[in-house]
Amino acid sequence: MLDLKVVAAQPLGNRYVLLRLTADEQLPDMVPGQFAELRVDGSPATFLRRPISINFLDRKRNEVWFLVAVVGEGTSRLAKLRMGDLLNCIIPLGNGFSMPAGPDEKVLLIGGGVGVAPLLFLGEKLMESGCKPTFLLGARTASDLVMLEHFKRLGRVLVTTEDGTDGEKGFVTQHPILENERFDRICTCGPKPMMVAVARYAKAQGIDCEVSLENMMACGLGACLCCVEETKEGNICVCKQGPVLNINQLLWHI
């Protein structure tokens, strides 16, 4: 558990805020796909911490980033943080994405909405390993596409919007690249219907695929059992044995 200091709280698009946090001591080691539980102060209606994916780890500046979608009282409070404020975090939690066996693997990272968040950190680690990823990012409309300039520094970026205001019109699983190119590995995070569709495609094509589940996680420690997911090995706590799982472990109808 750490008290992290807010370096910046930057509004992005219509409904996102990028929190950049630092600490007096060196931040702990983290891997892409892990998350943190952020305490919400100053709100009598918000008792539970908010689980937020680790968006990026900047070792040079000793900063950790969180992309927060402002959807309720808790995230609205987080969005109102200002430079110098302290934010209590339990970090890092959970398990991360698997890394490819070698730099020759073609890796596709698919994100929808705020589910793009962990893919930035993952993309950097892939690039450091010599593997240049392709990003396929989806949103409802162009104003919901965020951090594109950061993704473009790490690999090729393809975009879909449901209303056609940027990139291909439709869902990520309708993008032509899925028909025109072959990938060795897919990692995805976003709304469950999107991830199920991605998992169905990956299974049909025989592509190794990992998903980052977004089950409700109240404690992050496996104590409250809010995040239980049925798998082929039995019930698991997503916060401890996930949030990243291979689709072969899941009981999804794909």
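Two strands count as paired here if DSSP finds at least two bridges between them. Keep that in mind for the first stop, and remember throughout that you are looking at a predicted model.

**Stop 1: strand E13 and its partners**

Select residues 208–212, which make up strand E13. Of these 5 residues, 4 are buried, so the strand is largely enclosed by the rest of the structure. Now pick glutamate 210 and look across to E16: asparagine 246 stands opposite. E16 covers residues 244–246, and it runs antiparallel to E13, with 3 bridges joining the two.

Turn to E13's other listed neighbour, E12. Here the two strands run parallel, joined by 5 bridges. The residue facing glutamate 210 from E12 is cysteine 187. So glutamate 210 has cysteine 187 opposite in one pairing and asparagine 246 opposite in the other, a handy anchor for your view.

Add helix H5, residues 192–205, to the selection. Together with E12 and E13 it makes a β-α-β unit, and the unit is right-handed.

**Stop 2: the start of E12**

Stay with E12 and select arginine 185. Its side chain meets that of glutamate 105 in a salt bridge, 3.1 Å from N to O. Glutamate 105 sits in the loop between E7 (86–93) and E8 (107–112) while arginine 185 belongs to E12 (residues 185–189), so the contact ties together parts that are 80 residues apart in sequence. Are these two residues buried or exposed? Both glutamate 105 and arginine 185 are buried.

Next, select lysine 106 and phenylalanine 183. The lysine lies over the face of the phenylalanine ring, 4.9 Å from its centre.

**Stop 3: the Asp144 network**

A search of the whole structure turns up 12 salt bridges, and this stop takes in a network of them. Select Arg15, Arg140 and Asp144: salt bridges link these residues in a network.

Start from aspartate 144, in the loop between E9 and H3. Its relative accessible area is 7%, so it counts as buried. Towards arginine 15, the closest N and O atoms of the salt bridge are 3.7 Å apart. That link reaches across distant parts of the chain, as arginine 15 is in the loop between E1 (2–12) and E2 (16–22), 129 residues away from aspartate 144. Arginine 15 itself is partly exposed, at 26% relative accessibility. Then swing over to arginine 140, whose side chain is joined to that of aspartate 144 by a polar contact of 3.5 Å.

**Stop 4: from E2 across to E6**

Move to arginine 20 and bring up glutamate 63 with it. Their salt bridge has its closest N and O atoms 3.0 Å apart. Glutamate 63 is in E6 (residues 63–69) and arginine 20 in E2, so this pair ties together parts 43 residues apart in sequence. How do the two compare in burial? Glutamate 63 is buried, at 5% relative accessible area, whereas arginine 20 is partly exposed at 22%.

**Stop 5: the aromatic pairs**

There are 2 aromatic pairs in the structure. For one of them, select phenylalanine 56 and tryptophan 65. Their ring centres are 5.0 Å apart and their planes meet at 45 degrees, so the pair is classed as tilted. Both phenylalanine 56 and tryptophan 65 are buried.

For the other, show phenylalanine 135 and phenylalanine 151. This pair is edge-to-face, with 65 degrees between the planes and 5.0 Å from centre to centre. Phenylalanine 135 is in E9 and phenylalanine 151 in H3, so the rings tie together parts 16 residues apart in sequence. At 0% relative accessibility, phenylalanine 135 counts as buried, and phenylalanine 151 is likewise buried at 0%.

**Stop 6: helix H2**

Finish by selecting residues 117–128, helix H2. Most of the helix is covered, with 9 of its 12 residues buried. Colour the buried ones to see where they fall: among them are Ala117, Pro118, Leu119, Leu120, Phe121 and Leu122. Gly123, Glu124 and Leu126 are also buried. When you rotate the view, it helps to recall that an α-helix has 3.6 residues a turn, so residues three or four places apart point the same way.

Last, step just past the end of H2 to glycine 130. There the backbone takes a positive phi of about 95 degrees.

Terms used
Residues are numbered from 1 along each chain as its sequence is written. This is a predicted model: local features need pLDDT of at least 70, side-chain atom pairs count only at pLDDT 80 or more; totals for chains, interfaces and linings use all residues. Side-chain values use heavy atoms; hydrogens and water are left out. A salt bridge is a side-chain nitrogen of Lys or Arg within 4 Å of a carboxyl oxygen of Asp or Glu. Buried means under 20% relative accessible area, exposed over 50%, partly exposed in between (1.4 Å probe, protein chains only). Rings of Phe, Tyr and Trp (its six-membered ring) pair if their centres lie within 6.5 Å; planes under 30 degrees apart count as stacked, over 60 as edge-to-face and the rest as tilted. A charge sits over a ring if NZ of Lys or CZ of Arg is within 6 Å of the ring centre and within 35 degrees of the ring normal. A crossover is right-handed if, with the strands pointing away from the viewer, the path from the first strand over the helix to the second runs clockwise. A polar contact is a pair of N or O atoms within 3.5 Å; within protein, one must be able to donate a hydrogen and the other to accept it, and residues adjacent in sequence count only if both atoms are side-chain atoms.
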